[in-house]
Amino acid sequence: MKKVKNMVRIVILLGILLLVFISGCMPGMDGGAGCTGGQAQGWSSFVPYNQEICFGSMEGSVITLSPQARSEGKTFPAENEWVYVMKTATPGSACGAMCAPSSSVSGKGIYATPVVVGDLVFAGTYSGKVYALNASRGVVRWIYPREGFETVGAIVGDVITDGKVLYFGSANGKVYALDAETGDFVWEFQTSDKIWTAPAFDNGIIYAGNYGGNVYAIAAETGKEVWSIKIPSAVASSIAVKDQLIYFGTFDRNLYAVNKADGTVKWEYLAGNWFWAMPVVRDSTIYASCLDKKVYALEAESGKEIWKFEADGQMVGTPAVTDKYVYAVSEKGTLYKLDRSDGKMVNSISVGYTVYGSPYADGDMVYIYARDHKVYAVDTLKNTISWNFSSALK
């Protein structure tokens, strides 16, 4: 029975690898699971800064919006709003001081959600660069790799930080560490395959998974391997950390809980499709969106199912979890407000367009970035769309 199970996993993985690596498809690219013939569009979510929200656009820009100004219908950019349009280069090899210059330039969308540290906002791009921008004005502080050098490979997962150092994975299979203040190279760690997800940081250790089915624990200070394990299938989701466990989804339809001390698997939960979105751990419960159209609530310690909710389409983005509610948006563009305790639907509303990104909740307001290139602000108390904003700026 174990051999049959492993054979099934191998067949599933081979089919997925054919889809991803031969056709170049992945969720977020239109057609089928979403292909655009190789043209990246992006699925960034939002990060707050003061009273504003910041996101990466499908046009390859970083934009900061004032919800107050948008609700008042003011001309963009209003006070405290800005846009930074990136010059993006085609993904290349890993870059260091000895990289050969590259002059290849092409427009690419942004998949990674920006991160804010102090007065800087950091954005990783599909074109393989990391930008540090002044968070209040959008003025560039530094760009890595430096001007004239090849990029590090597509950055699809979020850039994360411990407050002083930035960490991110790349499609070239490497995890990078950069000084957040200066953008200087700190270290790189080579894995066995592409990385399309965000690593996680906890207590001096970086945890990263790749499409080869490998999960690594890396010392944040030195970039040296602490441990690594092999999972039967590609790591599909970014990694979440809580207490003594790390959590992630895979292409074999499982959500895994792994001991962060040594990499031993504590439990796995089998669903009807991939767990593409990063799970959210709140208190003692994991909330996970799945491509089988369901949102799951599981006991973090045991993996025992608490509840599940079925939506009208695949659930690609990470749910937003508040004290009382779970907000999850389907690929079809329907936002669901679920009671966190039992998963029962409070209300739902459709933005009318495909959504691959994760919702961001601020009180009763939830923000969604849809494939029509518009940001939708949903008042979940009134269950209405308060305003929308097009990122396709003229």
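**Cysteines, a sheet and a patch**

Trainee: Why is Cys-54 called buried?

Mentor: Cys-54 has a relative accessible area of 1%. Buried means under 20%, exposed over 50%, and partly exposed in between, with a 1.4 Å probe and protein chains only, so Cys-54 counts as buried. This is a predicted model, in which local features need pLDDT of at least 70, side-chain atom pairs count only at pLDDT 80 or more, and totals for chains, interfaces and linings use all residues. Residues are numbered from 1 along each chain as its sequence is written, and side-chain values use heavy atoms, without hydrogens and water.

Trainee: What makes Cys-290 buried?

Mentor: Its relative accessible area is 0%, so Cys-290 is buried.

Trainee: How many disulfides does the structure hold?

Mentor: Zero. A disulfide would need a pair of cysteine sulfur atoms within 2.5 Å.

Trainee: Why is Val-83 called partly exposed?

Mentor: Val-83 has 32% relative accessibility, so it falls in the partly exposed class. Val-83 lies in strand 4 (residues 82-85); a strand is a DSSP run of E with at least two residues, numbered from the N terminus.

Trainee: Which strands are the edges of the sheet with the order 21-22-23-24?

Mentor: That open sheet has four strands with antiparallel pairing. Its edges are strand 21 (280-282) and strand 24 (305-310), as each pairs on one side only.

Trainee: How do you know that strand 21 pairs with strand 22?

Mentor: Two strands pair if DSSP finds at least two bridges between them. Three bridges join strand 21 to strand 22 (residues 285-289), so the two are paired, and they run antiparallel. Val-281 stands opposite Ile-286 in strand 22.
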